[in-house]
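Here are my notes for you on this one. Keep the viewer open and click along as you read.

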Amino acid sequence: MALTDSQYEGYQEKEHEQDLDNDSDIISSTPIVQVKQVFKSFGYNSNSSSSRSRSGSKPSHEVLSGVDITINRGEFITIVGPSGCGKSTLLNIIAGLDKPDSGDVSARANDGLSTVRGIMIFQEGALFPWLSVQENVEFGLKIANIPKHERTKIASRYIELVGLTKFSRYFVHQLSGGMKQRVAIARALAMEPEILLMDEPFAALDVHTREMLYEELVGIHKTTNKTILFVTHNINEALLLGDRVLVMSAALRNIRKEFAIDLARPRDLESPELYELKRQILVELEGDLQQVASRR
Amino acid sequence: MLAEDDHRQDSIQAGRTDTQHGRSIDTNDAANIVLFLAAFLGLWQLVVALHILPDTLFPSPASTAASIGKLVANGSLVIGILTTLWRLVAGFAISIVIGGAVGLAMVKFRAFGKTMSSFAVGLLTFPSIAWVPFSILLIGFNDFGILFVVVMASVFSVMISTYSAIRNVPPIYFLAARNMNAKGMALFRHVMIPAATPSLIVGIRQAWSFAWHALIGAEMLITTLYGLGHILSVGREFIDMNQIVAVMITIFCIGLLFDRIIFLRMEEKVRTKWGLNQHSGE
Ligand SMILES: Nc1ncnc2c1ncn2[C@@H]1O[C@H](COP(=O)(O)OP(=O)(O)OP(=O)(O)O)[C@@H](O)[C@H]1O
Ligand SMILES: [Mg+2]
C-alpha cells in the first residue's frame, strides 16, 4: 500500500518510535474513516462559473484523483498542501457535504447524534450571526430535537470547556476572531461527533491567539480522544499538532507523501526531529510546485 | 425562534444592547419632532397671515384642525382610516404570501427564478396606477378592484426581495447547518429565513411603501364609498381645501407611523443583533 511506503521513506526512526508508543498504536489500529479511490472533478455540471472559465476548453477540472486515506480512531491528522489543491474538497467529501464522482468514504463512527461523518470547523464566518453564543452551540442539538433544558446543559458544558461562559449571551459580532473559533469548536463538540474536521480553522488569527488555541485543541484531543482531521497552509501548525502529516499535491491531485510524528505534545519546532521533517515537507511542496509549473 | 424561552432570551439580549442608545435617541427624537412641528405650523400660519394665496384655496392650520374635528365627529374620518388600513393590511398580506411563495419557488427552481426575476424586475418599475383601468374593467368599482391594484404594486417587490435575500445568504451557513443534520423544513426555518432576514426586511419595507402609494391612488380612482382616498376626491369635488389638507395630514401620519414604528424598529432590532450598526452614527 502507498501509505506504508511513504511512511518508511518519510521517517527513518519509525521502528524506534513504535516501541515507545505501543499503547497509542493499539488505540489507533482501528480505522474510523477509510477514503478509497476517491475521484472528484468540477466542470460544466457544477454551478460555479469560475470553474467553467478556468477549465477553458477542457470539459472538467479534476481536483481529486484516486485519493486513499485511512484514519485510525483517535488520530490527529494534519493535511498541508498548496492553495487550490483540493483540501477543502476532500474534507467536504469526508464530511458528506459533497459527493465524490467515484470511490467511496466509509466511516465506522458511531456518532450519537449525527448521521454525518464528522463535524466541520471552517476557517471563519460559519457561526450564525442571528444567534447568541449559547444558541449557536445549541443549534445542532435543537435540530436533533433535544429538549431545551438538556441542550442548555450540554451547550453550557462545552462553552465552559472553551472558556467562554461569561460570553454565552453575546452575539457573534461582539466576539474576537479567536473567541469565534472557540465557539465553533464548542458547537462542533456539542454534537459529540467522533471526528472533527477542521478546515484551516486558525488561519485568520494572530500568532498569539493561534498558539493558545493549539494548546486548547491538543488538550481537547487528549481528554476527549476525538479523531481530528486538520487542514492547514501552515507547515509549523501541521508539525506541532499532527500524529501524521499528509502532504497533498496539486500536480498529482492526491496525497503526495505522509510523515508520521511520534513525538509527545507540546512539541518544540526547534527540535532536530521537527526541523528535519519540516525540511522534507518543504522539499515535497517545492517539488510539487515545479511539477505543476512544468506542465504549463 | 421556536420556544418561548428562546424568545425571552432574545428580548433580554436585544434589550440590553438597545436601551442605552434607544432611550437617548427617543427623547432626542421627540424634542426634534416637537421643534420641527412648531416651526412648520409657524411658517404655515405666516403664509396664511400674509395672504399670499387666496384664503379659500389655502386653509389655515386652525381651519384644517376644525375640518379634522368635523370629519372625526361625523365618523367619516375614523371609518375612512379603518377602511383604508384594512385594505392596506389585506393587500399587503396577500402580497407577502404570494410574493414570498413565488420568491421561494424561484430559489428552488433555478430556470424559473431566472426568467421570473427579469419579468418581475420589469413589473417593479411599472407605475402601479396604470393597473387601475385594467382592474376597473376586470373587477369593478369595489374593494377587490382596489386590492388588486395594491397587490400588483407590491407583490413583485416582495418576490424579488425574497428571491435575492435568500440567494445572497452566504453558502457557508447552509454547509455548516447541513453538517449539523439540518435539512428540509428545519434548514428553512432555522437557517434560510433568519439568515435572509436583514435584507428581507429592507425589501418588505419597500414593498409596503409601494402598497401604500398604490392604495391611496386606487381609492381616489376606483370610487367606493369609503377610504381616505375617497374622502380626498370628495374634497376635490366640493372644492373643500380644508378637508383635502386634513386628509393629507392623516395620510402622512399613518405612513410615518407604520414606517417609523413598525418597519424601522424591526430593522434596527435585527441590525443591532447582527452587529450591522457598528459604523452608523451612534
Ligand atoms: N464548487 C466548485 N465548483 C467548481 N470548482 C470548484 C468548486 N469547489 C472547488 N473548486 C475548485 O477545486 C479546486 C480545489 O478547491 P479547494 O477549495 O478544495 O482547494 P483548497 O486546497 O481547499 O484551497 P485553499 O487552500 O485555498 O483553501 C480549486 O481549483 C477550485 O477552483
Ligand atoms: Mg480550502
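1. Start with A:R187. Its charge sits over the face of the A:F128 ring, 4.8 Å from the ring centre. Bear in mind that this is a predicted model, here and in every point below.

2. Now stay with A:F128 and look around it. This ring belongs to an aromatic cluster along with A:W130, A:F139, B:Y173 and B:W274, so click on both chain A and chain B to pick up every member.

3. How many aromatic pairs are there over all chains? The count comes to 18. One to look up is A:F167 with A:Y170, an edge-to-face pair with centres 5.2 Å apart and 80 degrees between the planes.

4. Are those two rings buried or exposed? A:F167 counts as partly exposed because its relative accessibility is 23%, and buried would need under 20%. A:Y170 is also partly exposed, at 28%.

5. On to the sheet in chain A. Six strands make up an open sheet, ordered β5-β6-β7-β3-β8-β9, with mixed pairing. At the edges you'll find β5 (119-121) and β9 (254-260), each pairing on one side only. From one strand to the next, the twist averages 20 degrees.

6. Which helix packs on this sheet? That's α11 of chain A (residues 272-295), which touches β3 (76-80), β8 (244-249) and β9. The direction of α11 makes about 170 degrees with that of β9(A).

7. For a close-up of strand pairing, try β6 (195-199) and β7 (227-232) of chain A: they run parallel and are joined by 5 bridges. Pick A:I195 and you'll find its bridge partner in β7(A) is A:T227.

Methods
Residues numbered from 1 in each chain as written. Chains lettered and ligands numbered in written order. Predicted model: local features only at pLDDT ≥ 70, side-chain atom pairs only at ≥ 80, totals over all residues. Heavy atoms only, no water. Pairing = 2+ DSSP bridges. Helix = DSSP H or I, 4+ residues; strand = E, 2+ residues; numbered from the N terminus. Axes fitted to C-alpha atoms, helices over the stretch in contact; angles between N-to-C directions. Contact = heavy atoms within 4.5 Å. Phe/Tyr/Trp six-rings, centres within 6.5 Å; stacked < 30°, edge-to-face > 60°. Buried < 20%, exposed > 50% of the residue type's maximum accessible area, 1.4 Å probe, protein only. Lys NZ or Arg CZ within 6 Å of the ring centre and 35° of its normal.
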